[in-house]
Amino acid sequence: MAIAVRIPTILRNYTGGEKQVEANGSSLASLIDDLDAKHPGLKGRLVTDDGSLHRFVNVYVNDEDVRFTGALDTGLSDGDEVTILPAVAGG
Amino acid sequence: MRYRSLVEAVGDTPLVGLPTLSPSDDVRLWAKLEDRNPTGSVKDRAAIWMIRAAERDGRLRPGATILEPTSGNTGISLAMVAQLHGYELICVMPENTSIERRQLLEMYGAKIILSPAAGGSNQAVAMAKELAEEHPDWVMLYQYGNPANAMAHYETTGPEILRDMPTITHFVAGLGTTGTLMGTGRFLREHVPGVQIVAAEPRYGELVYGLRNVEEGFVPELYDPSVLTSRYSVGAKDAVRRTRQLVETEGIFAGISTGAILHAALGVAEKAAGAGQQADVVLLVADGGWKYLSTGAYGGTLEDAENALEGQLWA
């Protein structure tokens with residue numbers, strides 16, 4: 001099950017500069033584990049020690065913020081697109 | 001309608017149906033036209049409420065200097081009120097915002113300090129906070145953390161929508177300072193059981209997310225995620241496509257952030273229609289398209305427009 005993951009500029013040092021990588025997982029948590037296996041250290045930038053998403057990291061599955069769909073338990077299917085972005089100000 | 005002055009003419013904006021874009025007679029879209037405010041954007045409500053609150057508690061006195069980080073609309077609203085009430089205004093604004101916004105600010109007599117494009121509004125916020133420390137006599141209203149911002153919408157936008165659309169099922173608005181969604185959302189949740197509060201967040205080009213590290217990220221102090229039901233990220237291409245669709249099908253000439261809001265609204269409307277539900281979806285038109293004509297969003301192909309917006313703060 002291949003899921004495309006878009007990586008923000010500030011985390012591309014973990015992906016050898018790649019903007020987009022592929023990973024597998026039936027939930028966001030397992031996807032992040034797979035990402036970390038392929039790109040060691042990435043998980044530590046996304047998930048805090050207590051096992052929740054980092055406050056300043058937003059993750060979207062098909063453009064929907066995962067904090068409203070079950071956070072790390074959000075389910076994934078083949079062909080889903082995951083986007084990771086740092087939280088920035090608007091207004 | 002008759003008002004004592006322009007400031008008094010804030011709010012009470014029209015709610016108009018979108019019969020062509022609505023999926024069916026059971027699932028209807030309604031647009032709250034916030035471009036019909038004194039300076040042409042929803043931010044007039046927040047700016048006027050923040051200034052009135054600061055005047056009431058004595059922080060703002062005649063001749064005072066107001067400092068504010070803003071990517072445009074809040075600055076323009078504050079500049080108008082500041083001019084009428086006799087305050088100086090200094091705006092810290094990212095350099096990658098449209099030229100029209102700068103022209104309007106200068107016309108109203110505001111001073112502009114440009115912050116670097118990389119890092120977007122985060123840099124403007126950081127720079128304004130530094131300036132506020134260096135100049136303790138300046139008054140920073142700070143739209144990202146000022147309760148009066150959300151209160152403006154709790155006291156006006158929310159009640160107006162409920163008055164005009166008691167059968168509302170969804171409210172969709174843009175997420176920037178989060179003030180509109182927090183204030184309107186809290187009011188509607190208190191009065192309409194099961195109402196869905198949906199955020200549409202602009203997804204900019206990469207330059208705007210050019211922080212040095214994740215710890216430099218920013219979440220507005222006003223933000224309380226428990227007010228929202230869902231939150232969507234909308235890129236420039238979808239936002240421009242919907243902005244053009246809105247003017248072509250319903251005659252509403254709106255700014256680009258409204259295209260992002262319409263995109264999210266159509267998504268929830270189609271979901272409701274697919275589930276056989278009745279829905280009245282109210283979406284907020286944040287401003288008109290005038291200030292964005294120079295960005296290239298309204299002409300040429302979608303790809304041209306998307307490329308033109310790359311690196312710009314278009315919402």
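Which residue of β5(B) does B:P94 stand opposite? The partner is B:S115, and that little pairing is a handy way into this structure, which is a predicted model. The predictor gives the model an ipTM of 0.94 and a pTM of 0.96. Chain B has a mean pLDDT of 95, with 100% of its residues at 70 or more.

Let's stay with that pair for a moment. B:S115 sits in β5(B), and this strand pairs with strand β4 (residues 88-94) of chain B through five bridges in the parallel sense. Follow the strands across and you get an open sheet of four, in the order β5-β4-β3-β6 of chain B, with parallel pairing. At the edges of that sheet stand β5 (111-115) and β6 (139-140) of chain B; each has a single partner strand, so one side of each is left without a neighbour in the sheet. Strands of a sheet pair through backbone hydrogen bonds, and they can do this parallel or antiparallel.

Now for how chain B is divided. The domain assignment splits chain B into domain 1 (6-36 + 157-302) and domain 2 (43-140). Their C-alpha centres are 24 Å apart. Where the two meet, 18 residues of domain 1 of chain B are in contact with 17 residues of domain 2 of chain B. On the domain 1 side of that contact, you'll find nine nonpolar, six polar and three charged residues.

Over to another set of strands in chain B. Strand β2 (residues 27-33) of chain B is mostly covered, with six of its seven residues buried. Strand β1 (residues 15-17) of chain B runs antiparallel to β2(B), and three bridges join the two. One place to look is B:V16, whose bridge partner in β2(B) is B:A31. β2(B) is also joined to strand β10 (residues 279-285) of chain B, this time by seven bridges and in parallel. Here B:W30 stands opposite B:V282 of β10(B).

What does B:L283 touch, if you skip residues up to four places away in sequence? Its contacts are B:L29, B:A31, B:V172, B:I261, B:L262 and B:A265. That brings us to the inside of the model. The largest nonpolar core has 104 residues, and those touching the most other members are B:V172, B:I261, B:A264, B:A265, B:V281 and B:L283. Helix α8 (residues 256-274) of chain B gives this core its largest share, ten residues. Why does the core lie between the two domains of chain B? Domain 1 and domain 2 of chain B both give residues to it, so it lies between them. Apart from this core there is another, of 15 residues, and its members include A:I3, A:I7, A:Y60 and A:L76.

Those last names belong to chain A, so let's finish with how the chains meet. The contact takes 22 residues from chain A and 34 residues from chain B. On the chain A side, β3 (57-61), β4 (64-65) and β5 (81-86) of chain A each supply at least two residues. The largest share of that side, three residues, comes from β5(A). Sorted by class, the chain A side holds eleven nonpolar, five polar and six charged residues.

Key: Residues are numbered from 1 along each chain as its sequence is written. Chains are lettered from A and ligands numbered from 1 in the order in which they are written. This is a predicted model: local features need pLDDT of at least 70, side-chain atom pairs count only at pLDDT 80 or more; totals for chains, interfaces and linings use all residues. A nonpolar core is a set of buried Ala, Val, Leu, Ile, Met, Phe, Trp, Tyr and Cys residues joined through C-beta atoms within 7 Å. A residue is buried if 20 or more other C-beta atoms lie within 10 Å of its own, exposed if 12 or fewer, and partly exposed in between; C-beta atoms are placed from the backbone. Domain bounds come from an automatic or database domain assignment. Two residues are in contact if their C-beta atoms, placed from the backbone, lie within 7 Å. Two strands pair if DSSP finds at least two bridges between them. pLDDT is the predictor's confidence in each residue, from 0 to 100. Ala, Val, Leu, Ile, Met, Phe, Trp, Tyr, Cys and Pro count as nonpolar, Asp, Glu, Lys and Arg as charged, and the others, Gly among them, as polar.
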